Amino acid sequence: QDSAPWWRDAVIYQVYIRSFADGNGDGMGDIDGIRSKLPYLRDLGVDAIWINPWYPSPQADAGYDVADFRDIEPRFGTLDDADQLIAEAHEHGIRVIPDLVPNHTSDQHEWFQAALAAGPGSPERARYIFRPGRGPDGSEPPNNWNSCFGGPAWTRVSEPDGSPGEWYLHLFAPQQPDLNWAHREVREEFEAILRFWFDRGIDGFRIDVAHGLIKDTDLPDVVAPQGSGYVYPAGQHPHWDRDEVHEIYRRWRRIADEYPGHRKFVAEAWADTPQRLANYVRADGLHTAFNFDFLQATWKAERLREVIDTTTSSLNAVSAPATWVLSNHDVPRHATRYGRPPVDWVPGQNYRADGETDLELGTRRARAAALLMLSLPGGAYIYQGEELGLPEVENLPEELLQDPVWERSGHTERGRDGCRVPIPWSGEKPPFGFSPANATADPWLPQPDSWEDLTAEVQTGDPGSMLELYRSALRLRREHPALGEGDLAWNDAGEGVLSFTRTPGFACVVNLSGKAQRLPEHDRVLLTSGELDDEMLPPDTAVWLSL
Ligand code: ISL
């Protein structure tokens with residue numbers, strides 16, 4: 001392995017394992033499926049893959065309810081398969097980053113089962129957050145905290161003798177009890193889990209809900225609005241983004257640094273300000289964090305520029321590289337989002353899917369956004385299928401929806417299934433090569449027939465396709481010394497136009513003004529997201545220029 005910290009400008013591809021590729025024909029993606037697509041990922045030109053949770057799990061929250069952190073879900077394969085994937089990915093020059101879920105376990109985890117059996121006051125219960133209820137008979141939850149998926153964040157258990165008993169905390173589904181991070185055994189267990197996987201050769205971890213591990217031990221009621229810390233002074237929300245959480249990551253960083261080859265962490269942390277987010281990525285903390293401000297920004301030049309500036313300046317202050325993200329498995333796909341009237345994001349409700357969609361417009365903008373994202377300083381994340389231009393699937397039949405958001409919200413939110421539909425690889429009808437020809441089951445969510453036009457197969461070699469745009473952009477990014485980490489200088493290009501220079505000799509111009517714009521002086525056009533009209537850049541189009 002080389003000595004440069006590869007992660008500072010890496011392009012990382014998110015593999016949502018259950019929907020990526022199905023090797024064994026059971027309708028759900030798996031490790032063998034990922035192995036079969038390594039040549040595709042190499043040709044696409046990504047540096048690493050982040051794989052959503054692959055551990056044994058009842059799948060109450062698509063694997064984010066982990067029953068055993070040291071094994072692989074049988075539906076996805078075995079530990080041997082994982083070892084083989086890691087080795088083969090490395091042969092293809094692709095690093096592997098699994099997902100770690102430290103905030104909670106599955107209710108089927110042996111620790112939680114032991115806590116239920118052992119009863120109140122036991123050492124087993126101390127690893128989770130159990131409390132007696134309020135009210136004379138304890139039938140009210142211990143406080144007013146709500147679950148991110150809707151409803152109270154507390155569930156009451158039956159004690160071993162059958163009587164109604166204590167309540168346990170779950171910031172997500174009831175099948176996801178929160179761990180007690182004030183407990184020494186919890187900390188030691190996760191440090192051992194990090195070593196278990198680092199020893200197997202993985203290159204880093206994505207840290208789920210990194211901002212949520214520490215709770216105010218007094219468990220005070222939350223002052224509305226729920227799900228956001230902004231009514232609190234920084235670091236004083238009862239359960240989000242508390243300062244003590246960084247002690248945990250300081251220890252984790254020391255562990256990662258013991259290993260060769262620059263193992264890295266990426267935090268899924270939701271913080272109120274870019275400055276608060278920067279606390280997660282100091283030299284003695286996690287290495288990088290997802291930049292959700294960029295994902296949440298609407299298609300407006302001023303807003304995007306503001307996010308780019310505040311991101312880069314707050315991260316420069318801690319010498320951490322920026323990351324850029326347009327989509328993931330929790331939000332509606334951006335080809336659809338950009339084709340809708342802009343909505344304001346509600347914290348904790350990142351799965352809104354309303355409004356009429358102009359998919360042609362959304363796709364044109366998604367093409368331009370790809371060139372914007374991939375020419376900004378730092379690293380970037382690509383969510384599987386965005387390189388195919390997949391839209392959100394908005395009409396999944398209700399009886400097939402699986403996301404707990406759908407149930408817990410009382411059906412006011414359809415949930416996040418619409419961005420999790422299995423990938424169309426080839427062929428003219430479902431399952432579009434997602435499952436092998438001898439499959440015994442349909443894909444776990446149905447693919448629209450119209451995806452015939454979006455398969456990787458039909459897009460390969462078509463110069464106008466989204467896939468070839470991503471491939472060209474990633475190739476140029478590897479070849480061009482100006483891309484990746486470094487400075488960005490804005491050019492004055494008029495209202496609604498984002499125009500910046502990266503040195504040496506590179507510029508990106510994105511036209512969000514709604515009317516054609518004259519290109520600045522340049523030597524050569526390297527890549528465009530849409531056809532140029534002479535020297536004019538059409539609306540919702542981006543271009544890379546060599547200067
Ligand atoms: O809590 C939030 C905002 O207040 C949410 O945005 C929350 O941080 C986010 O949804 C966490 O997501 C991650 O953990 C969840 C899982 O369902 C998601 O898929 C995962 O990305 C629980 O493990």
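The protein chain in this predicted model is split into three domains: domain 1 covers 110-169, domain 2 covers 184-272 and domain 3 covers 484-546. If you take the centres of domain 1 and domain 3 over their C-alpha atoms, they are 57 Å apart.

Let's start with the sheets. One of them is an open sheet of eight strands, and if you walk across it you meet them in the order 9-8-7-3-2-1-11-10, with parallel pairing. At the edges are strand 9 (288-289) and strand 10 (323-325), each of which pairs on one side only. For a look inside this sheet, find strand 3 (residues 95-100) and strand 7 (residues 204-207), which pair in the parallel sense over two bridges. Here Leu100 stands opposite Ile207 in strand 7.

Now try another sheet. This open one has five strands in the order 12-13-14-18-16, and its pairing is antiparallel. Strand 12 (489-490) and strand 16 are the edges here; each has a single partner strand, so one side of each is left without a neighbour in the sheet. Strand 13 (residues 497-502) and strand 14 (residues 506-511) run antiparallel and are joined by six bridges. One pair to pick out is Leu498 with its bridge partner Val510 in strand 14.

There's also a hairpin to find. Strand 5 (residues 154-158) and strand 6 (residues 164-169) run antiparallel, with four bridges joining them. Thr155 has Tyr168 in strand 6 as its bridge partner. Five residues lie between the two strands of this hairpin, and Gly162 in the turn has a positive phi of about 95 degrees.

What about the inside of the protein? The largest nonpolar core has 149 residues, and the ones with the most contacts inside it are Ile12, Val46, Ile49, Leu371 and Leu372. Helix 11 (residues 359-373) gives this core its largest share, seven residues. Apart from this core lies another one, of six residues, including Val393, Leu396, Val421 and Leu445. Back to Ile12: leaving out residues up to four places away in sequence, Ile12 touches Val46, Asp47, Ala48, Ile49, Trp50, Ile97, Gly379 and Tyr381.

Next, have a look at helix 14 (residues 466-479). Its 14 residues reach 20 Å from the first C-alpha to the last, close to the 20 Å expected at 1.5 Å a residue. Which residues of helix 14 are buried? They are Met466, Leu467, Leu469, Tyr470, Ala473 and Leu474. These buried residues sit on the same side of helix 14, because they cover an arc of only 160 degrees around the axis. A general rule helps here: an α-helix has 3.6 residues a turn, so residues three or four places apart point the same way. And what covers the buried residues of helix 14? The cover includes strand 1 (11-15), helix 2 (38-44), helix 11, helix 13 (456-459) and strand 16 (524-528).

Let's finish with a single residue, Trp544, whose place is in strand 18 (residues 541-546). Is Trp544 buried or exposed? Trp544 counts as buried because it has 26 C-beta neighbours inside 10 Å, and the cut-off for being buried is 20 or more. Not counting residues up to four places away in sequence, Trp544 touches Leu371, Ser375, Leu476, Cys508, Leu526 and Leu527. Gln447 makes a handy reference point: Trp544 and Gln447 are 97 residues apart in sequence, and from C-alpha to C-alpha they are 34 Å apart in space.

Terms used
Residues numbered from 1 in each chain as written. Predicted model: local features only at pLDDT ≥ 70, side-chain atom pairs only at ≥ 80, totals over all residues. Domains from an automatic or database assignment. Pairing = 2+ DSSP bridges. Core = buried A, V, L, I, M, F, W, Y, C linked by C-beta atoms within 7 Å. Buried ≥ 20, exposed ≤ 12 C-beta atoms within 10 Å, placed from the backbone. Contact = placed C-beta atoms within 7 Å. Expected span 1.5 Å × (residues − 1). Arc of directions from axis to C-beta.
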